[in-house]
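Work through the exercises below with the model open. Try each task before reading its solution.

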Amino acid sequence: MKLRGLYAITDSHLLDGKLLKYVEAALEGGVTLLQYRDKSSDEARRLREAEALRELCERYKTQLIINDDAELAARLNVGVHLGQTDGPLSPTRALLGSKAIIGSTCHAQLELAEQAAREGASYVAFGRFFNSNTKPGAPTCSLELLDQARKQLHLPICAIGGITLDNAAPLVAHGVDLLAVVHGLFGAESTAEVTRRARAFNELLKI
Ligand SMILES: Cc1ncc(COP(=O)(O)OP(=O)(O)O)c(N)n1
Ligand SMILES: Cc1nc(C(=O)O)sc1CCOP(=O)(O)O
Ligand SMILES: [Mg+2]
């Protein structure tokens with residue numbers, strides 16, 4: 001499967017009380033990957049919400065990715081996204097199997113991306129590119145790094161951090177395959193606006 005398009009990421013605060021409604025609106029507009037990102041330790045809620053999202057994703061033929069939690073991903077038979085402190089990649093690949101989508105945070109470091117590729121990552125994520133409401137303290141990354149990454153890597157490249165419809169085009173021009181977005185997608189006043197934004201992101205990637 002070609003990993004290219006909008007990568008929608010949920011946020012438990014931003015989507016409080018409207019998670020499924022807003023996610024479905026995004027799916028209507030087209031989402032290649034949907035990441036369930038809930039940094040709380042409420043395991044019961046995480047399981048309940050992840051199961052509901054898996055059902056929605058199945059209906060829209062979208063791949064669900066769980067942030068941080070390989071055990072939950074294994075339980076639901078979906079993909080996982082791992083940061084540099086979220087556990088090693090190779091055992092996670094062994095746990096989830098060869099077909100699972102596994103993403104790796106590489107910040108602005110090509111060496112991390114090359115290591116992730118060797119250890120079986122399905123895509124590598126670089127960021128943050130812009131000011132982020134969701135994660136203001138994340139380390140920054142430049143467009144030049146993307147040029148180097150495009151030359152050296154043979155994996156889909158994901159960009160994250162403060163991406164909006166107004167600033168995403170240069171990322172695509174510098175070789176990004178996946179635009180990972182929280183606020184620039186879900187920080188909308190209505191479900192109709194979420195769907196419109198999702199369509200417009202896909203238009204930028206011309207899928
Ligand atoms: C697609 C994507 N890229 C990067 C991240 C960040 O992962 P991480 O560094 O582990 O930080 P948290 O999201 O866990 O706070 C991501 N989640 N998704
Ligand atoms: C979860 C996350 N990781 C980042 C990184 O750079 O690794 S930036 C980020 C937040 C993305 O949300 P928004 O689209 O609202 O900025
Ligand atoms: Mg993480």
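**Exercise 1.** At which residues does UniProt place the feature "binding site"? Then locate them in this predicted model.

*Solution.*
- Step 1: Start with the record. The unreviewed UniProt entry puts "binding site" at Asp-68 and Asp-86.
- Step 2: Check the spacing. The two residues span 19 residues in sequence, but their C-alpha atoms are no more than 5.7 Å apart, so they gather at one spot.
- Step 3: Look for a pocket. Asp-68 and Asp-86 are both included in the lining of the largest pocket.
- Step 4: Place Asp-68 in the fold. Asp-68 sits in the loop that links strand S3 (63-67) to helix H3 (70-76).

**Exercise 2.** Which pocket is the space taken by ligand 2? Describe the shell around the ligand.

*Solution.*
- Step 1: Identify the space. Ligand 2 takes up the largest pocket.
- Step 2: List the neighbors. Ligand 2 is surrounded by 13 residues, and the closest are Ser-132, Thr-134, Gly-162, Val-182 and His-183.
- Step 3: Sort the shell by class. It holds 4 nonpolar, 6 polar and 3 charged residues.

**Exercise 3.** How far is a polar backbone atom of Gly-162 from an oxygen atom of ligand 2? Add the backbone contacts of Val-182 and His-183, then the coverage.

*Solution.*
- Step 1: Take Gly-162. Its polar backbone atom lies 2.7 Å from a ligand 2 oxygen.
- Step 2: Take Val-182. A backbone N or O atom there is 3.0 Å from an oxygen atom of ligand 2.
- Step 3: Take His-183. A polar backbone atom of His-183 is 3.0 Å from an oxygen of ligand 2.
- Step 4: Turn to area. Ligand 2 on its own has 420 Å² of accessible area, and the protein covers 94% of it.

Methods:
Residues are numbered from 1 along each chain as its sequence is written. Chains are lettered from A and ligands numbered from 1 in the order in which they are written. This is a predicted model: local features need pLDDT of at least 70, side-chain atom pairs count only at pLDDT 80 or more; totals for chains, interfaces and linings use all residues. Side-chain values use heavy atoms; hydrogens and water are left out. A residue is near a molecule or strand if one of its heavy atoms lies within 4 Å of it. A polar contact is a pair of N or O atoms within 3.5 Å; within protein, one must be able to donate a hydrogen and the other to accept it, and residues adjacent in sequence count only if both atoms are side-chain atoms. Accessible areas come from the Shrake-Rupley method with a 1.4 Å probe; for residues, only the protein chains shown count as cover. On a 1 Å grid over the protein atoms alone, a cavity is a set of points where a 1.4 Å probe fits but cannot get out, and a pocket is an open set with protein on both sides within 12 Å along at least five of seven lines; lining residues have an atom within 4 Å of a point. A molecule sits in a cavity or pocket if more than half of its atoms lie within 2 Å of its grid points. Ala, Val, Leu, Ile, Met, Phe, Trp, Tyr, Cys and Pro count as nonpolar, Asp, Glu, Lys and Arg as charged, and the others, Gly among them, as polar. UniProt positions are given in the numbering used here, feature names are shortened, and annotations may be inferred rather than shown by experiment. Helices (H or I, at least four residues) and strands (E, at least two) are DSSP runs, numbered from the N terminus.
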